[in-house]
Amino acid sequence: MNRLKTLGKLWLFLLFLTVSNKGFSQEQNLPKAETESFWDHVQFGGGFGLAIGNDFTDITIAPSAIYNFNEHFALGTGLQYSRLKQKNFYASNVIGASLIGLYNPIEEIQLSLELEQVHVNTTYTDLYDNVKRSFWNTGLYIGGGYRADNVTIGARFNLLFDKDKDLYGDALMPFIRVYF
């Protein structure tokens, strides 16, 4: 009988410890940490080009920004201005904007889809007079490249390329994309 009492008391004591331990292991309602802001997902970057040669100048400024939805998808926009000039032959101003979607299936690979709309004003100079040409150029690019941290090196292909009407000389264009 003493043994049963002792076993019963031991069992009750263990039950008490188990129940009281569960009561103290409940999660406490602590204030949640602040969520990330919109700007924590935004990266800025773009391009700058400068080519100076024998009576030739090409200056390009192209700032851009992207919003990273997660580690795989980003969407962004950019602006572009270029000034090209070859002495006694032509001068051109190009101004426009673009939308870009980026997809990173794995960390090292970046795929892109980009829509670019630019306005081109060009003046050709010959011996007798100046010929002016003004037009809009639309490009729809698919691209891919190797990505290391915030730099991507690759190529893009213009699906809307028309050699007779296009601003660029070829549908395939290499790129280096940098975002900070």
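How many of the 180 residues of the protein count as buried, as a percentage? The answer is 25%, and the views below take a look around this predicted model.

**View 1. The whole chain, from the helix to the last strand.** The protein has one helix and eight strands. Start at the N terminus and you'll meet the elements as α-β-β-β-β-β-β-β-β. The helix α1 covers residues 2-24. As for the surface, the protein exposes about 13500 Å², and 62% of that comes from carbon and sulfur atoms. If you take contacts between residues at least 6 apart in sequence, 43% of them join residues at least 24 apart.

**View 2. An open sheet of eight strands.** The strands line up in the order β1-β2-β3-β4-β5-β6-β7-β8, and the pairing is antiparallel. At the edges sit β1 and β8 (172-178), each of which pairs on one side only. On average, neighbouring strands in this sheet are turned by 20° against each other, ignoring direction.

**View 3. Strands β5 and β6 side by side.** Zoom in on β5 (residues 109-125), which runs antiparallel to β6 and is joined to it by 17 bridges. To get your bearings, find H119: its bridge partner in β6 is W136.

**View 4. R156 and its two glutamates.** A search of the whole structure turns up two salt bridges. In one, the side chains of R156 and E114 meet, at 2.8 Å from N to O. That pair links distant parts of the chain, with R156 in strand β7 and E114 in strand β5, 42 residues apart. R156 also forms a salt bridge with E116, where the closest N and O atoms are 4.0 Å apart. Here R156 is in strand β7 and E116 in strand β5, so this pair ties together parts that lie 40 residues apart in sequence.

Are these charged residues buried or exposed? R156 and E114 are both buried, and E116 is buried too, with a relative accessible area of 3%. R156 has a relative accessibility of 11%, so R156 falls below the 20% cut-off for buried. Because the salt bridges share partners, E114, E116 and R156 are joined into one network.

**View 5. Aromatic rings around Y67.** The whole structure holds eight aromatic pairs. One of them is F38 with Y67: the ring centres are 5.0 Å apart and the planes are at 15°, so the pair is stacked. F38 comes from the loop between α1 and β1, whereas Y67 is in strand β2, so the pair ties together parts 29 residues apart in sequence.

Y67 also pairs with F69. Their ring centres are 5.0 Å apart as well, but the planes are at 75°, so this pair is edge-to-face. Why do these two pairs get separate labels? A pair of aromatic rings is described by both the distance of the centres and the angle of the planes. Planes under 30 degrees apart count as stacked and those over 60 as edge-to-face, so 15° puts F38 and Y67 in the stacked class, while 75° makes Y67 and F69 edge-to-face.

Pull back a little and you can pick out one aromatic cluster formed by F38, W39, F44, Y67 and F69. F38 is partly exposed, with a relative accessible area of 47%, whereas F69 is exposed at 52%. Those labels follow from the cut-off: over 50% is exposed, so F69 makes it and F38 doesn't.

**View 6. Two loop aspartates with positive phi.** D55 sits in the loop between β1 (42-53) and β2 (56-68). Its phi is near 60°, a positive value in a residue that isn't glycine. D149 is another non-glycine residue with a positive phi, at about 60°. You'll find D149 in the loop between β6 (130-148) and β7 (151-158).

How accessible is D55, and how accessible is D149? D55 is partly exposed, with a relative accessible area of 43%, while D149 counts as exposed at 68% relative accessibility. The 50% cut-off falls between these two values, so the aspartates end up in separate classes.

Technical notes:
Residues are numbered from 1 along each chain as its sequence is written. This is a predicted model: local features need pLDDT of at least 70, side-chain atom pairs count only at pLDDT 80 or more; totals for chains, interfaces and linings use all residues. Side-chain values use heavy atoms; hydrogens and water are left out. Helices (H or I, at least four residues) and strands (E, at least two) are DSSP runs, numbered from the N terminus. Buried means under 20% relative accessible area, exposed over 50%, partly exposed in between (1.4 Å probe, protein chains only). Contact means heavy atoms within 4.5 Å. Accessible areas come from the Shrake-Rupley method with a 1.4 Å probe; for residues, only the protein chains shown count as cover. Two strands pair if DSSP finds at least two bridges between them. Axes are lines fitted to C-alpha atoms, for helices over the stretch in contact, and angles run from 0 to 180 degrees between N-to-C directions. Rings of Phe, Tyr and Trp (its six-membered ring) pair if their centres lie within 6.5 Å; planes under 30 degrees apart count as stacked, over 60 as edge-to-face and the rest as tilted.
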